[in-house]
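Please open the model in your viewer, colour it by secondary structure, and keep a selection panel at hand for the stops below.

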Amino acid sequence: MNKNQSSLLNFIKQIIPVNEIEAQEIANTFHFTEIKKSSLFLKENEISDDYFYLEKGLMRVFLYDLEGNEITTDIFTENNIVFEITSFFNRVKSETNIQAITDCTGYRISYEELNKLFHDKPTFRDFGRAILVKEFIASKKRNYAMINQTAEQRYQHLLTSRPEILKYVPLKQIASYIGVTDSTLSRIRKKK
């Protein structure tokens, strides 16, 4: 067993019904990884090859708009899978960057190792499917919120559902994540 895989084992067992032995076999395929604060886990124009269970820390996905401004499109908190789905599965260059907001630890598996695991462990296919469905639903909810919620409502939702983001993520990144300017976010925060 690499390091203390208890959080990875618990995560696997929360996602799919699996016995302890099979959960351990799956977990043993993952490799313990440390990522330093501000390091890029994935750079745009690279092909994503890592499927990463984020045990500790925060990471963000960002890209540049037409004026060269960083736009944060997703923020990952502990106990989540981090990867760039389009690049990873289609084996194409990523359009986004994934960066550690804090020092991070977790367990990664390569594209090749993941596919072997899908082939060798049919139970793990259910895990992969469950993760994809979870991410798809989260993406849809976020897209809908950008359309049918005010900036104040989006900020309030972030405040109540993921307070750790507000503690560690710079306000500029939070502002772009909820789709507002820095000054608008400052006004919203003053109202609270």
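The tour goes through two sheets, then a helix, and then two pockets.

Before selecting anything, note that this is a predicted model, in which local features need pLDDT of at least 70 and side-chain atom pairs count only at pLDDT 80 or more, while totals for chains, interfaces and linings use all residues. Residues are numbered from 1 along each chain as its sequence is written, and side-chain values use heavy atoms, with hydrogens and water left out.

**First sheet**

Select strands 1, 8, 3 and 6, which form an open, antiparallel sheet in the order 1-8-3-6. Strand 1 (31-35) and strand 6 (80-82) stand at its edges with a single partner strand each, so one side of each has no neighbour in the sheet. On average, neighbouring strands here are turned by 35° against each other, direction ignored. Strands (E, at least two residues) and helices (H or I, at least four residues) are DSSP runs numbered from the N terminus, and two strands pair if DSSP finds at least two bridges between them. Axes are lines fitted to C-alpha atoms, for helices over the stretch in contact, and angles run from 0 to 180 degrees between N-to-C directions.

Zoom in on strand 1 and strand 8 (residues 104-110), which run antiparallel and are joined by five bridges; within strand 8, Arg108 is the bridge partner of His31. Now add helix 5 (residues 122-148), which packs on the sheet by touching strand 3 and strand 6, and whose direction makes about 85° with that of strand 6; contact here means heavy atoms within 4.5 Å. Helix 1 (residues 6-15) lies across strand 3 (50-56), strand 6 and strand 8, and runs at about 110° to strand 3.

Next select Phe30, which lies in the loop between helix 2 (20-27) and strand 1. Is Phe30 buried or exposed? Phe30 is buried, with a relative accessible area of 1%, where buried means under 20%, exposed over 50% and partly exposed in between, for a 1.4 Å probe and protein chains only. Draw a C-alpha to C-alpha distance from Phe30 to Ser110: the two are 80 residues apart in sequence and 8.5 Å apart in space.

**Second sheet**

Hide the first selection and show strands 2, 7, 4 and 5, which form an open sheet in the order 2-7-4-5 with antiparallel pairing. Its edge strands are strand 2 and strand 5, each of which pairs on one side only.

Strand 7 (residues 97-100) deserves a side-chain view. In a regular strand the side chains alternate between the two faces of the sheet. Both faces of strand 7 are covered, with Asn97 and Gln99 buried on one side and Ile98 and Ala100 buried on the other. Strand 2 (residues 40-42) is joined to strand 7 by two bridges, and Leu42 has Ile98 as its bridge partner. Strand 4 (residues 59-64) is joined to strand 7 by four bridges, and Phe62 has Asn97 as its bridge partner.

**Helix 8**

Select helix 8 (171-178), which lies across strand 4 and strand 5 and runs at about 90° to strand 5. Which of its residues are buried? They are Gln173, Ile174, Ala175, Ser176, Tyr177 and Ile178, which makes six of its eight residues. Their cover includes strand 4, strand 5, helix 5, helix 6, helix 7 (163-168) and helix 9 (182-191). Helix 8 is followed by Gly179, whose phi is positive, near 80°.

**Pockets**

A pocket is an open set of points, on a 1 Å grid over the protein atoms alone, where a 1.4 Å probe fits, with protein on both sides within 12 Å along at least five of seven lines; lining residues have an atom within 4 Å of a point. Volume is the space filled by probe spheres set on the points, which are joined across faces, edges and corners.

Select Asp74, Glu135, Ala138, Ser139 and Arg142, which lie nearest the centre of the largest pocket among its 38 lining residues. About 1,200 Å³ of space lies in this pocket, and helix 5 gives the largest share of the lining, 12 residues.

Finish at the second largest pocket, with a volume of about 180 Å³. Its lining includes Asn69, Glu70, Ile71 and Lys172, and helix 8 gives the most to it, with three residues.
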